[in-house]
Amino acid sequence: MGKHRRSGLTPAAIRDVIALIPAHNEADAIADSIQGLYGQTVPPQRVIVVADNCTDATVAIADSLRAEVFETRGNRHKKAGGLNQVLAELLPGLHDDDVVLVTDADSALDPGFVACGVEHLAKGYGGVGGTFRGGPGGGFVGHLQRNEYARYSRDVKRLGGKCLVLTGTAAMFRVQVLRQISRARLTGRLPAGDGIGGIYDTSVLTEDNELTFAVLHLGHQVLSPQGCTLTTEVMLTWKALWDQRLRWKRGAVENCVQYGLTHITWRYWGRQLLSMAGVLVTVVYLSTIAYSLALHSFRPHEFWLWVSLVFVIERVVTVRERGWKRMLLAASMYELFFDFLLQACHTKAYLDSVFRRERAW
């Protein structure tokens, strides 16, 4: 057994794997996502594209690649709503030891993903997710995201696959767990979500984060093992990146508020507090520099130079998997302004939550 597994699921042989690809106008990416599933060393028995209000060629491409297509009906809740619709039809006909794999249409799994996920789910994990690399494109903003994702992947590996979130890029669940979630939403043990036992909570911005909370609060464990890797698209513009991160960060904050302080969420609350502490330190740091420059009294202090050296080393070492050229470049600390941008985004997410500003995707 993996060192992170808790009691909750009895180890069992996995039967079938059913892959779901939620898609809304994903004509540019859906083929790669489907081919990534067909190219698995252990391919899923079924590949179903959940076409939600598609007006482009997504459905036609899926048909041409022999994937099943489930078209949503009257869905107003985007990805979460579409997945709830297809799962409501699928789950009654599945065995407890079948597995549902959900992967974004803009993600392509590496060949060993499903085999690795099945192996760990068979051991008793409640959910298994992937770690991802950034895809090509996006110029400088894409480059920054690829560095960021490389650091995230490194952190997960160093922790032996222990992760905070089964990201929406790709995650696998035993059907038994999904059924438990549905029942728990109806009985009040978990947030009600759509109110009719839907697996995904349609009331939140980050349904993947909430679903991870749900799995953990039912006593199961989650893992992002080293063999579950994939490539996902990066945001191609600064505006798209800002919107994406604002949704992620506000969603994460509101998921914590939704569940309150529990034996599971205290770690997530801790990360939120650390993030805000980081924002405050940055504000003080920049204000101090600006003030001293304004008074013509700026001069480097040996202590802070050593502190800065630590940060430089951290930037260089953590991007090692992207090669020595990226490491050399990272030493210039050019990514500092990207960090400031993310901190500004985090601050806005907090303020939007506190003042209950209208949420938007």
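**Exercise 1.** How close do the axes of α8 and helix α12 come, and at what angle do they cross?

*Preliminary remarks.* The model is predicted, so local features need pLDDT of at least 70 and side-chain atom pairs count only at pLDDT 80 or more, while totals for chains, interfaces and linings use all residues. Residues are numbered from 1 along each chain as its sequence is written, and side-chain values use heavy atoms, with hydrogens and water left out.

*Solution.*
Step 1. Identify the elements: helices (H or I, at least four residues) and strands (E, at least two) are DSSP runs, numbered from the N terminus. Helix α12 covers residues 336-354.
Step 2. Fit the axes: these are lines through C-alpha atoms, for helices over the stretch in contact, and angles run from 0 to 180 degrees between N-to-C directions. The two axes come within 8 Å and cross at roughly 50°.
Step 3. Classify the angle: under 35 degrees is roughly parallel, over 145 roughly antiparallel, 65 to 115 roughly perpendicular, and the rest oblique. Helices α8 and α12 are therefore oblique to each other.

**Exercise 2.** Determine which residues of α8 meet α12, and describe them by class.

*Solution.*
Step 1. Apply the contact criterion, heavy atoms within 4.5 Å. Among the α8 residues that meet α12 are W238, L241, W242 and R245; on the α12 side, the residues include F338, L341, L342 and D352.
Step 2. Sort by class: Ala, Val, Leu, Ile, Met, Phe, Trp, Tyr, Cys and Pro count as nonpolar, Asp, Glu, Lys and Arg as charged, and the others, Gly among them, as polar. The contact has 12 nonpolar, two polar and six charged residues.

**Exercise 3.** Is T206 buried or exposed, and which residues does T206 touch?

*Solution.*
Step 1. Locate T206: this residue is found in the loop between α6 and α7.
Step 2. Compare areas: buried means under 20% relative accessible area, exposed over 50%, and partly exposed in between (1.4 Å probe, protein chains only). With a relative accessible area of 5%, T206 is buried.
Step 3. Leave out residues up to four places away in sequence; T206 then touches R247, W248, G251, A252 and N255.

**Exercise 4.** Describe the setting of A331 in the same manner.

*Solution.*
Step 1. A331 is found in the loop between α11 (324-330) and α12.
Step 2. Its relative accessible area is 35%, so A331 is partly exposed.
Step 3. Not counting residues up to four places away in sequence, A331 touches V312 and V316.
Step 4. The C-alpha atoms of A331 and E314 are separated by 9.0 Å, although these residues are 17 residues apart along the chain.
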